[in-house]
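Me: Got a minute to go through this one with me? I'll throw short questions at you.

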Amino acid sequence: MSAAADVAARATAGFRQRYGGEPAGRWAAPGRVNLIGEHTDYNDGFVLPFALPLRTVVAAAVADDGRWSVWSELDDEPVEFGPAEADEPGRVDGWAAYVAGVVWALRAAGHAVPGARLAIASDVPVGSGLSSSAAIEAAVLAALVELGGLDLPADRWPRLAQRAENDYVGAPTGIMDQSAVIRGRPGHALFLDCRTEAVELIPFDLGAAGLAVLVIDSHAPHRHADGEYAARRKSCERAAKALGVAALRDVATGDLEAALARLDDAETRRRVRHVVTEDQRVLDTVELLRAGRIRDIGPLLTASHASMRDDFEITVPEIDTAVEAALAAGAYGARMTGGGFGGCVLALVDADAADAVAAAVAAAYADRGFTAPGTRTVLPAGGATRLD
Ligand code: ADP
Ligand code: MG
């Protein structure tokens with residue numbers, strides 16, 4: 001059985017076992033990885049994620065009592081809640097808050113959400129930065145919209161799923177993850193302008209070019225990631241204020257040196273340089289992909305990594321080791337992806353070299369005594385959808 005069929009079968013089996021009977025349908029949403037554009041989102045800038053072939057599947061059916069029951073294979077116990085709990089952020093906590101949050105966001109937008117029984121299985125690793133959170137939100141949203149016959153076009157789903165995560169779960173994320181997992185398409189990356197929320201699918205057909213992206217889970221413990229994230233954000237906001245712009249996105253690449261000269265603190269200058277050059281790298285990557293020059297984006301990926309390491313200072317030894325080993329083994333480019341201080345590295349490789357690059361990274365880890373990394377090759381996949 002393929003991995004995709006397997007996860008759907010697990011969701012169905014979970015449904016039968018927990019609730020008896022058959023689900024009315026199964027809905028899936030993928031994880032995502034950000035090809036380039038890191039810490040640009042909250043600076044009103046650009047990002048370029050793509051949807052992964054790893055998916056979260058929800059098997060679901062309407063419940064006539066108007067309440068919600070949700071089971072996930074990550075937990076033995078199903079969680080139940082009704083309208084009163086759904087309407088008050090915080091009343092449902094733990095992982096089920098991601099589900100209650102979607103119900104809340106739909107109801108807050110005036111939709112009559114049907115009660116439902118939901119069983120969830122997933123191949124998206126949780127907490128690795130591949131956005132298992134957006135995957136569960138989008139899969140649940142797709143299920144509830146269709147079960148309820150709700151009038152909600154898919155271009156409004158990302159904002160709703162984001163509200164669930166921001167306002168019900170209480171996690172301050174931008175709109176990148178939800179956009180990627182809802183609007184991603186096979187063979188494409190999603191170019192997102194975080195200021196206007198305009199999205200554009202950009203050809204990124206790795207398979208046709210004999211290429212693949214190797215995703216390396218660093219397995220590095222997240223060290224102070226939340227506090228460091230908040231500090232970077234604050235530093236960017238202060239710099240924008242000092243420069244008299246709404247956000248660092250408004251500093252043009254050509255004006256960067258002049259802008260840096262106006263900042264008296266060396267650390268702030270490094271932070272600004274990362275954001276401004278990273279926005280430009282996203283735009284340059286999009287141009288190359290539009291021209292079908294996928295291999296040529298490699299140096300931009302690697303430059304992005306150097307900028308995160310030296311200017312934004314958000315990498316850790318495990319991450320830098322993975323990037324260096326992948327490049328030494330012949331990757332066209334490699335960079336950390338995600339907020340930093342752990343998480344994943346991605347490397348652009350020839351498809352038939354992926355195993356050798358993965359082995360080289362594993363060997364470098366063993367040399368340094370790090371916990372073995374997780375590796376998988378991926379191609380851009382499709383967004384949230386009904387399975388059958
Ligand atoms: P990431 O999105 O990078 O995987 P997050 O911390 O944003 O990490 O989201 C992970 C959380 O999302 C989990 O701790 C859990 O609460 C919830 N979650 C994700 N996938 C599932 C799932 N299949 N079943 C239950 N909860 C899930
Ligand atoms: Mg997440």
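Me: Which strands does helix α12 lie across?

Reply: Helix α12 (residues 354-368) lies across β9, β11 and β12, running at about 20° to β9. Contact means heavy atoms within 4.5 Å. Axes are lines fitted to C-alpha atoms, for helices over the stretch in contact, with angles from 0 to 180 degrees between N-to-C directions. Helices (H or I, at least four residues) and strands (E, at least two) are DSSP runs, numbered from the N terminus.

Me: Any caveats on the source?

Reply: It's a predicted model, where local features need pLDDT of at least 70, side-chain atom pairs count only at pLDDT 80 or more, and totals for chains, interfaces and linings use all residues. Residues are numbered from 1 along each chain as its sequence is written, chains are lettered from A and ligands numbered from 1 in the order written, and side-chain values use heavy atoms, leaving out hydrogens and water.

Me: And what does helix α11 lie across?

Reply: Helix α11 (residues 317-328) lies across β9, β10 and β11, at about 165° to β10.

Me: What's the strand order in that open sheet?

Reply: β10-β11-β9-β12, four strands with antiparallel pairing; two strands pair if DSSP finds at least two bridges between them. The edge strands are β10 (333-337) and β12 (374-378).

Me: How many bridges join β9 to β11?

Reply: Seven. I216 has V345 as its bridge partner in β11.

Me: Switching to ligand 1: which backbone or side-chain atoms lie by its oxygens?

Reply: A backbone N or O of G127 is 2.7 Å from a ligand 1 oxygen, and an N or O in the S132 side chain is 2.6 Å from one.

Technical notes. A polar contact is a pair of N or O atoms within 3.5 Å; within protein, one must be able to donate a hydrogen and the other to accept it, and residues adjacent in sequence count only if both atoms are side-chain atoms.
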